[in-house]
Amino acid sequence: MRGADLIDIKRVLAGYDLDDLSIATLGSHSALQILHGAKKEGFRTIAIVEKRRKWFYEEFAHLIDQMIVVDSWRDVASKDVVLRLRESNAIFIPHGSFVEYIGLDRAESMEVPMFGIRSIFRIEADQRMKMDFLAKAGINIPREYRIGEEFRGPVIVKFPGAKGGRGYFIARTKDEVRRGIKKALEDGLISDEEEALIQEYVIGVPAYYHFFYSPMLKRLEILGADIRYESNADGLHRILPFVRGEIDVSFVVVGNVPLVLRESLLPKIMRYGLNFVRYSQERLPPGVIGPFCLESVIRDDGEIVVFEFSGRIVAGTNIYLTGSPYSHLYWDEPMSVGRRIAREIKLAQEEGKLDEVVT
Ligand SMILES: Nc1ncnc2c1ncn2[C@@H]1O[C@H](COP(=O)(O)OP(=O)(O)O)[C@@H](O)[C@H]1O
Ligand SMILES: [Mg+2]
């Protein structure tokens, strides 16, 4: 049995003073946005920070009521930190770096009420399960190939647990795929060639959509979209004639660029978001809660191909601290995703339904 099945968050919540909640997160990724939003909605805030970054978060002391300093991220799920969070009636907000920093098992079994569903962590951690989830939800995904299979056009080869696309490579032929996988085995990146996912490299414009499903309002909101700026993929075109074939392409995220979509693309994007919500409710009841992101490439004929998802707040939302053109359509006030999370907690708190937004 997994950690997530063993813990009883409802029991922890029963011990909370529900009129005196705090919102807590890890000092990284989208923490400043989350803390800022929590403050705007009137919550007390807690930042768990690594010792080496404490000085940086102290610069934002006006957003942080309590700082819990850890020597390393591994200590986040320790008894001591968990108890301190519970003493402050903390709701923990997992963001995109949470599982990566503290590890899947510890993340799943951390005994603090978490905004969102933790059952999705394990699916996200596995490339194949992730793609299978999207396909079953009725979302268009890239073609997948087996080792040795012929293909047309470039493929991208992905490994499990790769951070920021590190270790991924692009190949033009099945022999290049074989060589790359052999090297990954030698380098210890994978222990079995079956772990490599060989995917059609979709040519088009990358676009990432920020969704928020509200169990309180029973609606899906699209709160923004971005393009991820990735090194060196996004730098190569500047000197393409010079580097053609001489440099390996990599996808380390350096930042995000705002994107407003053609309105005629929105219905399809919204349909994908709704499909995701519906399938998550079937497969992982009660289904997705709060922010999630679909990562796609849009081809020249308008086809949208989704190559991954994130079940939590993504860093691309940091662009919209004061709201996005989309968030204004729903809220007409500066509504970041961080603030939207706090708003949902507030709505749940007011209706005595906090147990419907945390797991
Ligand atoms: N099938 C694909 N076609 C085109 N580009 C892709 C594809 N899959 C991934 N990419 C590019 O590689 C980057 C990293 O891939 P992703 O699967 O999102 O891994 P990570 O887990 O590191 O975020 C993406 O942000 C995108 O730019
Ligand atoms: Mg990604």
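The following conversation discusses the domains, sheet, cores and local backbone features of a predicted model.

User: How is the protein chain divided into domains?

Analyst: The model is predicted. Its chain is divided into domain 1 (3-115), domain 2 (127-138 + 203-356) and domain 3 (144-200). Domain 2 is thus given as two segments.

User: And what separates the centres of domain 1 and domain 3?

Analyst: Taken over C-alpha atoms, those two centres are 36 Å apart.

User: Let us turn to the open sheet. What is the order of its four strands?

Analyst: The order is β3-β2-β1-β4, and the pairing is parallel. The edges are formed by β3 (66-70) and β4 (90-92), each of which pairs on one side only. From one strand to the next, the twist averages 25°.

User: How many bridges join β1 to β2?

Analyst: There are five bridges between β1 (residues 22-26) and β2 (residues 44-50), and the two strands run parallel. As one example of bridge partners, leucine 26 is matched with isoleucine 48 in β2.

User: Next, the interior. Which residues have the most contacts inside the largest nonpolar core?

Analyst: They are Phe115 and Val306, in a core of 72 residues. Strand β9 supplies the largest share of this core, six residues. At least three residues come from each of domain 1 (3-115) and domain 2 (127-138 + 203-356).

User: What is phenylalanine 115 in contact with, leaving aside neighbours within four places in sequence?

Analyst: Its contacts are Ile91, Ile93, Ile289, Gly290, Ile341, Ile345, Val357 and Val358. 

User: Which residues belong to the other core, the one of twelve residues?

Analyst: That core lies apart from the 72-residue core, and among its members are Phe159, Val177, Ile181 and Phe251.

User: Changing topic to the backbone: which residues does a cis peptide bond join, with omega about 0°?

Analyst: Serine 231 and asparagine 232 are joined in that way. Asparagine 232 is placed in strand β10. Another cis peptide bond, with omega about 10°, links proline 285 to proline 286. Proline 286 belongs to the loop between α13 (266-283) and β12 (290-298).

User: What about phi of histidine 29?

Analyst: Histidine 29 has a phi near 60°, which is a positive value in a residue other than glycine. The residue sits in the loop between β1 and α3 (31-40).

User: Is histidine 29 buried or exposed?

Analyst: Histidine 29 is buried, because 21 other C-beta atoms lie within 10 Å and the threshold for burial is 20 or more.

User: And where is asparagine 89 found?

Analyst: Asparagine 89 is in the loop between α5 (79-87) and β4. Its phi is positive, about 50°, although the residue is not a glycine.

User: Why does asparagine 89 count as partly exposed?

Analyst: Asparagine 89 has 19 other C-beta atoms within 10 Å. The residue is therefore partly exposed, since burial requires 20 or more and exposure 12 or fewer.

User: One last residue: where does lysine 218 lie?

Analyst: Lysine 218 occupies the loop between β9 (205-214) and β10 (219-232). Lysine 218 counts as exposed because there are 7 C-beta neighbours inside 10 Å, and the limit for exposure is 12 or fewer.

User: What separates the C-alpha atoms of lysine 218 and isoleucine 139?

Analyst: The separation is 21 Å, for two residues that are 79 residues apart along the chain.

Conventions. Residues are numbered from 1 along each chain as its sequence is written. Chains are lettered from A and ligands numbered from 1 in the order in which they are written. This is a predicted model: local features need pLDDT of at least 70, side-chain atom pairs count only at pLDDT 80 or more; totals for chains, interfaces and linings use all residues. Two strands pair if DSSP finds at least two bridges between them. Axes are lines fitted to C-alpha atoms, for helices over the stretch in contact, and angles run from 0 to 180 degrees between N-to-C directions. Domain bounds come from an automatic or database domain assignment. A nonpolar core is a set of buried Ala, Val, Leu, Ile, Met, Phe, Trp, Tyr and Cys residues joined through C-beta atoms within 7 Å. Two residues are in contact if their C-beta atoms, placed from the backbone, lie within 7 Å.
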